[in-house]
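Me: Got a minute to walk through this model with me? I'd like to begin with the ligand site.

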Amino acid sequence: MLARELGGRLRLLDIRAGEGIEQVDLRDLAAVEQALAGVEKVVHLGAIPTEAPFEAILDHNLRGTYNVYEAARRQGVRRVVFASSNHATGMYPRSEHIGAEAPVRPDGFYGVSKVFGEALGRLYAEKWGLEVACVRIGSFLERPQDARHLSTWLSHRDGVALFRACLDAPLRFAVVYGVSRTSRGWWDMAAAEAIGYRPQDDADAFEGDVEPDASEHLGAQGGMYADPEFRGERDGRGLAVPP
Ligand SMILES: NC(=O)c1ccc[n+]([C@@H]2O[C@H](COP(=O)([O-])OP(=O)(O)OC[C@H]3O[C@@H](n4cnc5c(N)ncnc54)[C@H](O)[C@@H]3O)[C@@H](O)[C@H]2O)c1
């Protein structure tokens, strides 16, 4: 979706080959370095996008993210926009309203990998001058599906606008939450607004038109991720863990 909406001259990489997509494994630093030659800005989305066994997170998310920043530094890339997640702070209770500067409280190895990506981004920004924006994405969906999403929904239109702001706004390092408008929000949006984000869509419009939230009893912002037994979501295309 981002590739379609952002436009411009894009180079698309994924571990899975596809039309217009170069097959690059983020675990391979040399391959990533080669792929970033001549690139001005990177949107780093590649990862296992849910909870998974630590070894898989270590390879695809931690090492993969290191390889992106390090390859970007070596190639003189100007900016990296990192897809972080609300699961970096998923253990906060829903009663708390937090900003991006609140201490991290990840709700799993996946959440820890996003904390790592943010910390590494800060290192590369402060030490080597890379521009880095980290987006703690809520729930990037066509529409809210369950009651938790009334607090976490990031519409497609707003998500694209937020990534565009992260790509274009003047910044050295930023962490922003990514949600659309909502009266049930848990996250301070000042940092996102400071880079020009103005959400258009409102989760409140879907009130009464969503499924119950199966994770409500946990009381955690991260939803079912906070359950000690949670092993990760699957997306219909099979295992979230790539080969
Ligand atoms: N969708 C959301 O609501 C949401 C919320 C929070 C964070 N995020 C983050 O946004 C990013 C994109 O998420 P998504 O929902 O589009 O998930 P997705 O699974 O559709 O996209 C992730 C892509 O990364 C690729 N990938 C995994 N390991 C790789 C590797 N070693 N080398 C190259 N490519 C690799 C996968 O093949 C996949 O195409 C992820 O980093 C995810 O953690 C998404």
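Me: What is the shell around the ligand like by class?
Reply: The shell has 11 nonpolar, 6 polar and 5 charged residues. Ala, Val, Leu, Ile, Met, Phe, Trp, Tyr, Cys and Pro count as nonpolar, Asp, Glu, Lys and Arg as charged, and the others, Gly among them, as polar.

Me: Which residues are the closest to the ligand?
Reply: Asp14, Leu26, Leu45, Tyr110 and Phe140, out of 22 that surround the ligand. To be near, a residue needs a heavy atom within 4 Å.

Me: Before I trust that, what are the ground rules?
Reply: The model is predicted, with local features needing pLDDT of at least 70 and side-chain atom pairs pLDDT 80 or more, while totals for chains, interfaces and linings use all residues. Residues are numbered from 1 along each chain as its sequence is written, and side-chain values use heavy atoms, leaving out hydrogens and water.

Me: How confident is the predictor, then?
Reply: Mean pLDDT (confidence in each residue, from 0 to 100) is 96 for the protein, and 97% of the residues score at least 70. Helix α1 (residues 2-6) is lowest with a mean of 93, and strand β5 (residues 131-137) is highest at 99.

Me: Back to the ligand. Which polar contacts does it make?
Reply: Here that means a pair of N or O atoms within 3.5 Å. A polar backbone atom of Phe140 sits 2.8 Å from a ligand oxygen. The side chain of Asp25 has an N or O atom 3.0 Å from a ligand nitrogen. Arg16 puts a polar side-chain atom 3.1 Å from a ligand oxygen.

Me: How much of the ligand is covered?
Reply: The protein covers 82% of the 810 Å² of accessible area that the ligand has on its own. That is Shrake-Rupley with a 1.4 Å probe.

Me: Which element gives the most to the shell?
Reply: β4, with 3 residues. Helices (H or I, at least four residues) and strands (E, at least two) are DSSP runs, numbered from the N terminus.

Me: New topic. Where is Val115, and what is it in contact with?
Reply: Val115 is in helix α4. Beyond its neighbours within four places in sequence, Val115 is in contact (heavy atoms within 4.5 Å) with Ala88, Val104 and Pro106.

How values were computed
Polar contact = N/O pair within 3.5 Å; in protein donor to acceptor, adjacent residues only side chain to side chain. pLDDT = per-residue confidence, 0-100.
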